[in-house]
Amino acid sequence: MSSSRPEAAVTAPGAVPASRKKKVSPISIVIYVFLVLICVTYILPLLWVFNVSFKTNKEIFTAPFALPQEITFDNYAFAWTAGHLGIATLNSLIVCVVALVLSTIIGSMAAFGIARMRWKGSKLAMTYFLTGMMIPIHCVLIPLFTRFAGIGLSNTLVGLILPYVTFSLPITIFIMTGFFTGLPNELIECACMEGANIFQIFFKICLPLSRTGLFVTGLMTFIGNWNELLLAMVFISDDEKKTLPVSLSKFVGPYNTNYSQMFAAIIIAIIPTIIVYCAFSNKIVDGLTAGAVKG
Amino acid sequence: MDKMLRNKVSILIFMLPAFLLFTFVLFIPIVQSVYYSFCEYKGMTDPVFIGFDNYTALFSDKTFGIAFKNSMFFLVFSCVSQLLMGLLYAVLLTNIKAGRNIFKNIIYLPCVLSSAALGLLWMFIFSPKLGINQLLEGMGIEDPPLWLMDTKGFITLPMWIIAFVALWQYVGQSMMLYMAQISGINKSLYEASYIDGCTKFKTFRYITLPLIRPMVATALSLNAIGSLKFFDLIFNMTEGGPNHKTEVLATHLYQQGFKYFKYGYASAIGVILLILCLLVTLFINKVVKTEQYEM
Amino acid sequence: MKKRKILATLMTAAIIATSLAGCGSSSGGSGGSSNSGGSSGGSSDNSGSSGGVQEITWMFWDDLDATEDLISLGYKETIERFNKDYEGKYHVKPITTNLEEYYNKLNALVAANDTPDVFIVSPGPQLTDYVEPGVAAPLDDYLNKDGWKASFTSDAVFTQQTYDNKIYAVPLNTAAACCFYNTEMFEKAGAKVPTNWDEMIAACDKLQAAGYTPITISAGTAWCLSMVAGYLCEAEGVSLPKLADGSASWEDGKLESACNKLIQLSKYFQRTAAGDTNDVATANFYNGEAAILIQGSWVIGQINGASPEFEAKCGVFQFPGVERVIAKSDSLCMSSTSKCPDGAAALIKYFTDDTAQKYTAEKGGKIPVTKVQYDTAVAPKQLGYVMDVFGSAKGTFGFYNESMPTTETGAHFDDTMVAVFLGDLTPAAAAKDMEDYYKANCRK
């Protein structure tokens, strides 16, 4: 199947006559059928859990695939309030937004320093930050935990934000350095002639010009932190400070699990992301691609 | 201007926040982690240096053996499968004329969703009483497999399932990277190759593949590190069970560190994980990324 | 240009403000959203910022708001009652996790020097983990005051909580692991309630011949299967203390024959036993898909809650062939570093007062630990049967996985039993595996 691709690449620009004829080749039917099947595997599970989330525990056990007998939002209401998902969503939002803002600012500052400032250690600094991309979060879990516990940062949102910011830095620096290096030299020269200082050049000229980069890194950090489970699970024990992924496990009791509410919780956890994704999907996908290619 | 860009104070201001965070939240903890790995450290008492004992203990730890094997399996599987499927999807999608964005967005969607939530979802889908087994039995298939509880074979069935779920979730990432790279290839290259009489397959082999090679390296390193860090899905689907058969390094580390509070031992697992990540990245970049082609 | 500079400064300030506000709002929200919604108090600070109210932290392994477990709901009521009665003096702030994460989190808090004032622990190695390093405080002084100790059924309820003649935890209720059975199915199949192993097999055969699934059990939740294995080991005369000090060996054939019996019994399990979780196995029972459920008596609340009409046809018998029953009690410890020990002790006492103990029996379906008089007509029928089993038993023993030297050893036992059930290990190999594990990790 892959062999057919260069043809399309060639015909695509001048393919107007061909597509007007609406001649459908068998091979493209096969491709479409295949792609539709693939997409079904993506949508069906989500629909299934959506369906189940309206059922009672008993219905789930007896008829997991049937439509719910009646549509009620009890499961959702329960998960939202009693399951603390409301406050968990708020916590996730706080942690992710703060981490996003901080890591973008700090990261792009460092990226600017590396890409634009002239100093001997800039290459070395870049390598230093880039090694961070290879380091799994698990390796620092224990020392961070004991350290944070010692200075009273465990079980606080700040204790989550700090590592989140730090672990977002390498990718931010990586992508933003690419963007800053790509800016024309004349721009900075010009601004310099007009009497702008270096911080004005950075905040007023370079940052706005790298909006795409900011968007991409911001998204990546936000999504990554929004879904992060391990750190949040280890660091946070207070119900009122738990983030969304951690709260999902609340419905597992000592001797029984509250299935219907757990399904509602799963939906609550993924619906905001799906909505945001649907609203911006093209921008997100293109942005992420742009970022990846830059790197 | 040169003077401004060489100003030590401004360089310091740009670099310092990132440097401090990085050093204190990432670098020093790693050094600490390496030290702990040579210690008997049970959490409630201070670490005591014991040399290589933790590392020798790793060799006789059966669960570590399983975890290591599974992590390696996972690494190879996800690199190969994501490379093949990612390329396949990318090639197909750059080939079709209508609906490209829809397919692309659907396939990419799970990448932005919480793997904790998706893990729970798939756990239920594969559980004997609720999910697909009910469907299979409805279709008259007797004794459908116990997807997540089977323990036969070198790589157990649950491990394959988890690997496929991971492929399902993350293949969009690789696909996007390859698509971006393919659509960046200059169309005239293909036209030239057709004029020269190349077959479609040859064009793919000699033009597309070499030109996306750098991206293959990037995507592979991302996959490799991602699969070594892999935690959320397994934690929510099987928690390493049955009988530790689906344990990977990250889950074993979590269990030893935070369930049984063997900080020293868990740190040793973390150090192994770190070394693996570094080795794999180096290896991929050495083997795959040879030279950059001009596009 | 100056304007822009100001703007930049403002932006930075705004960021800092957001981050601060973020932290502020999160900590401010703590009291308000907790179930009782009282004043949030000044964390564990003794002086207390809000008018001298001392906050007592209480840690538990189930979410009090999201739970359906009747015992957990009873604890919630008790705490609300306490908060009301001591309003203005003490305020309890529950810290909850799910059971899986419970000890991880508790240990984390201990390590952070932030031990909750009162926390729940299973008697056995887990309790030892907190008694030995001095995390848990002895409670004798409080127990001996105001006849608190005399209100308990006997001093024997403290056996598992006593170290060096000092009591380190107060039991709240007892649950016994029994066989629950569907009387209707037994009748239709002509099966008799078994009293020994052979009768058990005979009953299962009859049930199977009548087209029923004889036993529903969960191997997906390892401790459920391990509980049955514990009974089988007890029937063979396995002695855990002897195994721990090395005067007995796992390879003496007892575990092997227990494992063989487990395999024999597994022929009567529901087909999906290997993958079913605890909940699914229980649901199988009250949905009338299987005849026997081997579970702790905490399951009574779950059964009657999900399927009230089932109560009438649910019988209970002791696991055949053993004289002692597996019993488990929820026990509360007090932190030795508590800044408010009197409040903590008062809180613990509330869990064993008549109101709480009545609830335990009448609604929760667990065996009370005090001499409280409860209304047997209101209490679930099954509780009466469990009490009978409990009364006729010649003593109790703990869950196997909670009676081993370390928590990890217990988990290893669970896993080994699941492996035997799944056919990954032969009984002999399982015995060798356990012996090797004990040699390497448990005997010094």
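## A buried loop residue in chain A

With 22 C-beta neighbours inside 10 Å, A:Ser210 counts as buried, since the threshold for that class is 20 or more. The model in which this residue is described is a predicted one. A:Ser210 lies in the loop that links helix H11 (198–209) to helix H12 (211–227) of chain A.

Setting aside neighbours within four places in sequence, the contacts of A:Ser210 are with A:Met176, A:Phe179 and A:Phe180. Between A:Ser210 and A:Ile161 the separation is 49 residues in sequence, and their C-alpha atoms are 25 Å apart in space.

## Composition of chains A and C

Chain A contains 15 helices and zero strands. Of its 295 residues, 53% are buried. When contacts in chain A between residues at least 6 apart in sequence are considered, 78% of them join residues at least 24 apart.

Chain C has 17 helices and twelve strands. Buried residues account for 53% of the 444 residues in chain C. Among the contacts in chain C with a separation of 6 or more, 73% involve residues 24 or more positions apart.

## The interface between chains A and B

The contact between these two chains involves 87 residues of chain B and 84 residues of chain A. On the chain B side, helix H2 (residues 8–36) provides the largest share, namely 15 residues. The side of chain B that touches chain A comprises 56 nonpolar, 21 polar and ten charged residues.

## Packing of H9(A) against H2(B)

One helix pair across chains A and B consists of helix H9 (residues 157–182) of chain A and H2(B), whose axes are 9 Å apart and meet at an angle of about 120 degrees. H9(A) is therefore oblique to H2(B), because this angle falls outside the range of 65 to 115 degrees for roughly perpendicular axes and is not over 145. The crossing of H9(A) and H2(B) is left-handed.

From H9(A), the contact draws on A:Leu162, A:Pro163, A:Val165, A:Thr166, A:Leu169 and A:Ile173. H2(B) contributes B:Ala18, B:Leu21, B:Phe22, B:Val25 and B:Leu26. By class, the contact of H9(A) with H2(B) consists of ten nonpolar residues and one polar residue, with no charged residues.

## Domains of chain C

Chain C is divided into two domains, each made of two sequence segments. Domain 1 covers 46–174 and 329–368, while domain 2 covers 177–327 and 399–441. Taken over C-alpha atoms, the centres of domain 1 and domain 2 of chain C are separated by 30 Å.

The contact between the domains is formed by 14 residues of domain 1 of chain C and twelve residues of domain 2 of chain C. On the domain 1 side, helix H2 (70–85) and helix H4 (125–131) of chain C each supply at least two residues. That side of domain 1 of chain C has four nonpolar, seven polar and three charged residues.

## Packing of H8(C) against H10(C)

Within chain C, helix H8 (residues 222–236) and helix H10 (residues 254–266) pack with their axes 9 Å apart, at an angle of about 130 degrees. This angle makes H8(C) oblique to H10(C). The crossing of H8(C) and H10(C) is right-handed.

H8(C) takes part in the contact through C:Val228, C:Ala229, C:Leu232, C:Cys233 and C:Glu236. H10(C) does so through C:Lys254, C:Leu255, C:Ser257, C:Ala258, C:Lys261 and C:Leu262. The contact of H8(C) with H10(C) has seven nonpolar residues, one polar residue and three charged residues.

## The interface between chains C and B

In the contact of chain C with chain B, 18 residues come from chain C and 16 residues from chain B. Helix H3 (99–111) and helix H16 (407–422) of chain C are the elements that give two or more residues to the chain C side. The largest share of that side, six residues, belongs to H16(C). By class, the side of chain C that touches chain B holds eight nonpolar, six polar and four charged residues.

Methods: Residues are numbered from 1 along each chain as its sequence is written. Chains are lettered from A and ligands numbered from 1 in the order in which they are written. This is a predicted model: local features need pLDDT of at least 70, side-chain atom pairs count only at pLDDT 80 or more; totals for chains, interfaces and linings use all residues. Domain bounds come from an automatic or database domain assignment. Two residues are in contact if their C-beta atoms, placed from the backbone, lie within 7 Å. Helices (H or I, at least four residues) and strands (E, at least two) are DSSP runs, numbered from the N terminus. Ala, Val, Leu, Ile, Met, Phe, Trp, Tyr, Cys and Pro count as nonpolar, Asp, Glu, Lys and Arg as charged, and the others, Gly among them, as polar. Axes are lines fitted to C-alpha atoms, for helices over the stretch in contact, and angles run from 0 to 180 degrees between N-to-C directions. Angles under 35 degrees count as roughly parallel, over 145 as roughly antiparallel, 65 to 115 as roughly perpendicular and the rest as oblique. A crossing is left-handed if the near helix is turned anticlockwise from the far one by less than a right angle, and right-handed if clockwise. A residue is buried if 20 or more other C-beta atoms lie within 10 Å of its own, exposed if 12 or fewer, and partly exposed in between; C-beta atoms are placed from the backbone.
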